[in-house]
Amino acid sequence: MSENGAKIVVIDRAGERHVLDTVEGWRVMEILRDQNTGIEGICGGSCDCATCHVVVDPAWADRLPPARDEELDKLDELPLIEPTSRLSCQIIWSDDLDGLTVTIPEAA
Amino acid sequence: MSAERSTEPKRYDVAIVGAGPTGLFAVFELGLLGLNAVLIDTLDKPGGQCAELYPEKPIYDIPSWPVITGQGLTDKLLEQIAPFKADFFLGRRVSGVTRQDDGRFVVSTDAGDLIDAGAIFIAAGAGCFTPRRPKLEGLDAFENRSVFYAVRNRGSFAGRDIVIAGGGDSALDWTLDLVSIARSVTLVHRSDRFRAAPASVSAMRALEAEGRVRFVEGDLAALHGDDGVLSRIDLKTRTGPVEVAADRLLAFYGLNIELGPIAEWGLDLADGKLIKVDTEKFETSTPGVFAIGDINHYPGKLKLILSGFHEAALASHAAFKVVRPNEKLRFQYTTSSSELQQRLNVAPIAEAAE
Ligand SMILES: Cc1cc2nc3c(=O)[nH]c(=O)nc-3n(C[C@H](O)[C@H](O)[C@H](O)COP(=O)(O)OP(=O)(O)OC[C@H]3O[C@@H](n4cnc5c(N)ncnc54)[C@H](O)[C@@H]3O)c2cc1C
Ligand code: FES
């Protein structure tokens with residue numbers, strides 16, 4: 001777990017809010033999968049399955065590194081996305097993201 | 001290689017649900033023991049996740065292949081199992097598995113096939129690949145009547161007002177193809193950024209300029225019609241709602257993976273989505289039904305291709321005892337057994353007569 005105690009805030013599919021521990025250097029998908037939030041991450045973070053789709057709190061959207069083309073293409077396949085949709089496997093956790101808030105949308 | 005739709009159950013030693021790497025290799029292990037197999041998969045091609053999700057990506061942890069792509073591994077497995085001439089039922093979902101009085105099983109598919117098998121291997125991986133469905137009210141009633149996720153019968157689109165949703169190659173290819181037989185074609189995608197081949201995008205733009213295709217930048221919002229017969233689609237765009245007269249919708253949003261009907265087969269599950277097995281035979285809570293590869297769960301399970309291969313070998317030996325209860329299983333190596341070499345079609349003629 002993160003030595004600095006940095007936390008990620010997750011709103012799950014049932015609408016419940018969880019404040020979770022993080023691990024520096026892990027993909028956000030891995031942090032969410034590890035703590036049974038309902039994120040599958042079937043492709044292990046290869047940007048190939050979109051089962052790690054999250055909607056980032058708009059207040060945080062600009063503070064994350066921008067999505068690469070590969071991520072934008074995969075997101076673009078989904079029938080329903082939001083302006084701040086991201087694939088959580090493409091966001092690497094660092095402790096300066098402390099407080100990042102994401103919502104897990106209904107599965108596609 | 002592919003089997004015709006059958007209504008009379010065709011008999012096999014083992015029916016394998018799922019033609020991913022694990023299901024494919026199971027054909028080999030069964031074949032060495034003299035057992036024949038049929039593979040059924042919802043995808044229209046073999047290879048499971050390797051072929052569908054990452055055909056071009058390199059895999060580095062297949063023993064003796066320092067590097068091989070997802071498609072490369074699939075092709076090599078197909079080459080390796082070719083001598084055993086398994087039947088493939090592709091583009092079909094296994095809907096049910098029932099046990100008959102004689103202890104054998106009948107496998108049914110959503111295409112109406114019935115398959116008679118002495119044992120079942122569930123090699124269903126992460127679940128069935130199925131088209132992603134748009135979230136629209138009343139969608140179910142329109143599906144397979146007015147709303148489709150693939151073109152199976154092209155002629156049925158002739159003279160229709162078609163809306164095509166999506167921004168990848170399937171959406172663009174079908175837009176270009178159906179424009180010649182449709183009454184109208186409207187392509188709907190949420191942005192003017194396409195994932196399709198640039199040449200297809202230019203061709204679509206040219207048709208748009210000629211007024212033969214309409215492109216709307218937006219999302220599907222609602223379907224209208226009666227008894228599954230579509231008459232109109234509402235779209236949501238940045239500049240407001242748009243209505244399109246339509247009697248066909250083709251939605252191309254890629255594939256999703258869902259457990260599907262397996263959850264209802266009465267097998268003991270872990271976490272509601274993995275099938276519990278023992279690590280001696282990889283048998284489920286139902287005797288004669290085995291689960292191998294990503295779909296199973298046991299203490300220490302690793303979701304790796306190589307685990308699926310190992311599980312396929314052990315399950316095949318266990319299945320032999322189910323399918324051939326009165327025969328003795330002889331453990332042999334491919335390097336030295338002329339019987340195995342005959343089955344593999346590699347036995348020198350003289351020795352084959354042994
Ligand atoms: C991007 C990516 C990278 C990966 N990299 C590696 C790696 O480097 N090394 C490694 O070891 N593993 C890797 N994996 C994991 C590996 O691909 C899986 O472990 C492997 O595919 C599992 O094989 P399987 O045959 O058990 O299942 P799958 O490949 O999932 O195949 C199962 C098949 O069963 C079908 N099916 C399911 N239910 C039904 C039904 N009811 N009716 C009909 N068909 C059905 C599905 O459509 C599917 O085609 C990776 C996976 C991904 C996505
Ligand atoms: S884990 Fe598959 S796309 Fe993120």
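Helices and strands are taken here as DSSP runs, at least four residues for a helix and at least two for a strand, numbered from the N terminus. With that naming in hand, helix H3 (69-77) of chain A, strand E12 (184-189) of chain B and strand E13 (213-226) of chain B each turn out to supply at least two residues of the lining of the largest cavity. The model behind all of this is a predicted one.

That cavity is a good place to start. A search of the whole structure turns up one cavity of 30 Å³ or more. The space inside the largest cavity comes to about 60 Å³. It is lined by 13 residues, and those closest to its centre are A:Asp76, B:Gly166, B:His189, B:Arg190 and B:Tyr253. Sorted by character, the lining splits into four nonpolar, four polar and five charged residues.

Next comes the ligand. Ligand 1 sits between chains A and B, with 35 residues around it. The closest of these are B:Asp41, B:Tyr54, B:Asp61, B:Val94 and B:Asp294. What is the make-up of the shell around ligand 1, in nonpolar, polar and charged residues? The split is 18 nonpolar, 10 polar and seven charged.

Several elements of chain B take part in this shell. Helix H1 (21-32), strand E2 (37-41), helix H2 (48-52) and strand E9 (128-131) of chain B each put in at least two residues. H2(B) gives the largest share, with three residues.

Oxygen atoms of the ligand also come up against polar atoms of chain B. In the case of B:Asp41, a polar side-chain atom is 2.7 Å from an oxygen atom of ligand 1. For B:Ile305 the partner is a polar backbone atom, 2.8 Å from a ligand 1 oxygen. B:Ala126 likewise offers a polar backbone atom, here at 3.5 Å from an oxygen atom of ligand 1. On its own, ligand 1 has 1,000 Å² of accessible area, and the protein covers 93% of that.

Turning to the strands, chain A has a hairpin made by E1(A) and E2(A). Strand E1 of chain A covers residues 7-11, strand E2 of chain A covers residues 17-21, and the two pair in the antiparallel sense over five bridges. Within this pairing, A:Leu20 of E2(A) stands opposite A:Ile8. Five residues lie between the two strands, and A:Gly15 in the turn has a positive phi of about 85°.

E1(A) has another partner as well: strand E5 of chain A (residues 101-103), which pairs with E1(A) in the parallel sense over three bridges. Here A:Thr101 in E5(A) is the residue opposite A:Val9.

Chain B, for its part, has an open sheet of three strands, in the order E18-E19-E21, with mixed pairing. Strand E18 (269-270) and strand E21 (296-297) of chain B are the edge strands, each pairing on one side only. Strand E19 of chain B (residues 274-276) runs parallel to E21(B), and two bridges join them. One residue pair can be named here: B:Ile275 has B:Asn296 in E21(B) as its bridge partner.

Terms used: Residues numbered from 1 in each chain as written. Chains lettered and ligands numbered in written order. Predicted model: local features only at pLDDT ≥ 70, side-chain atom pairs only at ≥ 80, totals over all residues. Heavy atoms only, no water. Near = heavy atom within 4 Å. Polar contact = N/O pair within 3.5 Å; in protein donor to acceptor, adjacent residues only side chain to side chain. Areas by Shrake-Rupley, 256 points an atom, 1.4 Å probe, with all protein chains shown as cover. Nonpolar A, V, L, I, M, F, W, Y, C, P; charged D, E, K, R; others polar. 1 Å grid on protein atoms, 1.4 Å probe; cavity = no way out; pocket = protein on both sides within 12 Å on 5 of 7 lines; lining within 4 Å. Points joined across faces, edges and corners; volume = space filled by probe spheres on them. Pairing = 2+ DSSP bridges.
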